Amino acid sequence: MTAPSALPSPTPRALHPEIARRRTFAIISHPDAGKTTLTEKLLLYGGALHLAGTVKARRAERHATSDWLALEKERGISVTTSVMQFDYHGFRVNLLDTPGHEDFSEDTYRTLVAADCAIMLVDNRKGVEERTRQLYEVCRRRRLPIFAFVNKCDRVGQEPLELLGLLEQELGLPVVAAMWPVMENDTLHAVVDRRRSVVHWFQRGGDHGASRVAIETTPLTHEALAAHASRSTVDRTFEELGLLDAAGHAWDPDAITRGELIPLYFGSALTNFGVEPFLDDFLELAPGPTPRPIAGGEITPAHEEFTGFVFKIQANMDPKHRDRIAFVRIVSGHFEAGLTATLGRTGKPLRMNLPQQFLAQERTHVDDAWAGDVIGLHDRGTLRIGDAIFTGKPVAFADIPRFPPEHFSRISVKDPLRRPHLDTGLRQLAEEGAVQLFKADPQASVPDIVGAVGQLQFDVLLHRLEHEYGVPAKLVSLGMSHARWIEGDEKALLRATLMRDRQLLYDAKDRPVLLFTNSFAVRWAERESDGLVLKEFPD
Ligand code: G4P
């Protein structure tokens, strides 16, 4: 099969080859689309796993072996995200894992802030589903390049042309087929690499996708296709390719890198069909480490000093020590274990000992890392989400956005004497990004309402308040699920406070937020509230 072209040529600023070869991305999808399976196959192809099936098996056995958050053990679920690193054809790949199930939380969104691009995985029967749509929205706002992979093509799904149209409609961006499926008897046989005019034929192995699948590559000609597929398949494939050539979008790698064009791939993570051509193409096209905004400019990966930011804090891997791991995305420069940098918020030196990297759930110490990598630092409560860490001149990265919660509850404590402990716990956990705080009364000195992106965040909150702060707390749901930050003149704001089926709260920065029971109520408010601007994301 076609080997990926050589590593990207150095930029004019002579990007260090170690940085140029980094590729850092996340996979976004709806539960059940096959993210775990695809992740596993990427690790298999990257040589990080020898036989697929291991990630799932580990997940199942984990509550027996892990010392992570006790709640994880009880439930056997993954509350947190991790980073998997492997080498593939000269690239150093950092795959950021975003939990997508019930354990969906703000962390899932925040992980996208650390990524340079994303793979959007969709089920060939279902197209873009709810969770994918929400994650896609975050990617789109950040102009993150997206690569779409239609999964489960080993079984009957929607017509590929139909799917392409649906994706464009759903995503509001042009989609260009990089590879096109050759389907025979409703199952994937091969993919056509349209740019290189070759066809990759997959040979069914006997081990249900546990090992790499053999590929035979032929030119894209009638004769070559006819030697492998039935007459009707050949005719249909050429007809579809003709339609794509005539009416599809032109191939434009720059538009892909700018996040304005989505390349589309087809495959089956389960049988490995299409996975290798996809991975090769993806790594070639995916951007290397991208710049991050700072006030009045940006820090590029070629910046000589070490800079990075904390995008996630994972608490209590060892509850006895109130031990936390702060995940740092390196934006520029080189990191070596023991490096002393400055923590921007305090201006104090921060010595980074024994940082960690992760392969699935295994943690290993890291001696050296580069822009694009993610490292985990041990933290005793010094670090916060959004913190900048740097050597050389001070840098302040743009704030990591908060994401709209979908669950809101009033929080209270049975014993009023414990109220100060509750306030301390809430403040610290909010700083860590574990929960968002709101007030119903703008004059109140302490928040009394908590908001979370996923219900599980509340379970974690209650568990941690009780075990770390000694406060058994109680939550009562507000029954509201849609938040809109509001702006407008005084009259419009007054009208907003009088609307039915809504509740007015104030966020941690005292900005007014309207809560609604459903999307219908939001639409109604949008129609009826002249002069009022409703924003899905806070600025
Ligand atoms: P997720 O992490 O996105 O939730 O999805 P996961 O990989 O766990 O896959 C969800 C289900 O879809 C699994 O089936 C998995 O085997 C199946 N699946 C994943 N990729 C493909 C594919 O390419 N083709 C087909 N036909 N199925 C696929 P399950 O029965 O729920 O679990 P299991 O018993 O197979 O583990």
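This dialogue reads a ligand shell and a helix pair in a predicted model.

Biologist: What should I keep in mind about the model before reading it?

Modeller: The model is predicted, so local features need pLDDT of at least 70 and side-chain atom pairs count only at pLDDT 80 or more, while totals for chains, interfaces and linings use all residues. Residues are numbered from 1 along each chain as its sequence is written, and side-chain values use heavy atoms, with hydrogens and water left out.

Biologist: How many residues surround the ligand, and which are the closest?

Modeller: A residue is near a molecule if one of its heavy atoms lies within 4 Å of it. Here 17 residues surround the ligand, the closest being Asp32, Lys35, Thr36, Thr37 and Asp154.

Biologist: Which polar atoms lie by the oxygen atoms of the ligand?

Modeller: A polar contact is a pair of N or O atoms within 3.5 Å. A polar backbone atom of aspartate 32 is 2.7 Å from a ligand oxygen, and a polar side-chain atom of serine 268 lies 3.0 Å from a ligand oxygen.

Biologist: Which element gives the most to the shell, and how does that element pack with α11?

Modeller: Helices are DSSP runs (H or I, at least four residues), numbered from the N terminus. Helix α2 gives the most to the shell, with three residues. Axes are lines fitted to C-alpha atoms over the stretch in contact, and angles run from 0 to 180 degrees between N-to-C directions. Helix α2 (residues 35-45) packs with helix α11 (residues 275-285) at an angle of about 75 degrees, with the axes 11 Å apart; the two are therefore roughly perpendicular, a term for angles of 65 to 115 degrees.

Conventions
Angles under 35 degrees count as roughly parallel, over 145 as roughly antiparallel, 65 to 115 as roughly perpendicular and the rest as oblique. A polar contact is a pair of N or O atoms within 3.5 Å; within protein, one must be able to donate a hydrogen and the other to accept it, and residues adjacent in sequence count only if both atoms are side-chain atoms.
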